[in-house]
Amino acid sequence: QVRLVESGGGSVQAGGSLKLSCAASGYIFNSCGMGWYRQAPGKERELVSTINSDGTTSYADSVKGRFTISQNNAKNTLYLQMNSLKTEDTAVYYCTACIDYGLDRLNYWGQGTQVTVSS
């Protein structure tokens with residue numbers, strides 16, 4: 001079992017910055033990657049950024065150049081640095097982790113943290 005707890009959300013004005021954290025606990029070995037998703041009101045959940053076990057990162061076009069994903073393996077923590085925030089970045093942000101159990105892979109989700117960007 002894996003537990004993911006996000007923090008760092010809040011309210012900020014457009015152009016500001018926030019840094020989200022996701023603390024992972026439990027069986028977190030053999031990770032096949034971690035990432036951030038977000039869901040705005042009335043919209044489907046969308047992928048924001050991922051980081052693979054080899055450190056390879058990817059970003060949605062809408063956040064490229066503004067968001068940076070990183071992880072601290074020693075602290076089992078995933079981060080998302082968000083700069084130059086826009087009102088359209090307002091959403092609940094979810095952390096996700098993929099764990100490879102050999103015969104199967106499972107995805108775990110955090111409870112989400114609200115990010116609100118005002119104009």
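Modeller: Lys and Arg count as positive and Asp and Glu as negative, with His and the chain ends left uncounted; the place of a charge is NZ of Lys, CZ of Arg, CG of Asp or CD of Glu. This is a predicted model, in which local features need pLDDT of at least 70, side-chain atom pairs count only at pLDDT 80 or more, and totals for chains, interfaces and linings use all residues. Residues are numbered from 1 along each chain as its sequence is written, and side-chain values use heavy atoms, without hydrogens and water.

Biologist: What do the positive and negative side chains of the chain come to?

Modeller: There are 10 positive and 9 negative side chains, and the centres of the two sets lie 7 Å apart.

Biologist: How do you know how many helices and strands the chain has?

Modeller: Helices (H or I, at least four residues) and strands (E, at least two) are DSSP runs, numbered from the N terminus. By that count the chain has zero helices and eleven strands.

Biologist: Why is Asn-76 called partly exposed?

Modeller: Buried means under 20% relative accessible area and exposed over 50%, with partly exposed in between (1.4 Å probe, protein chains only). Asn-76 has 34% relative accessibility, so it counts as partly exposed. Asn-76 sits in the loop between β7 (67–72) and β8 (77–82), and its phi is positive, near 50°, though it is not glycine.

Biologist: What makes Ser-84 buried, partly exposed or exposed?

Modeller: Its relative accessible area is 41%, therefore Ser-84 is partly exposed. Ser-84 belongs to the loop between β8 and β9 (91–100). Its phi is about 50°, a positive value in a residue that is not a glycine.
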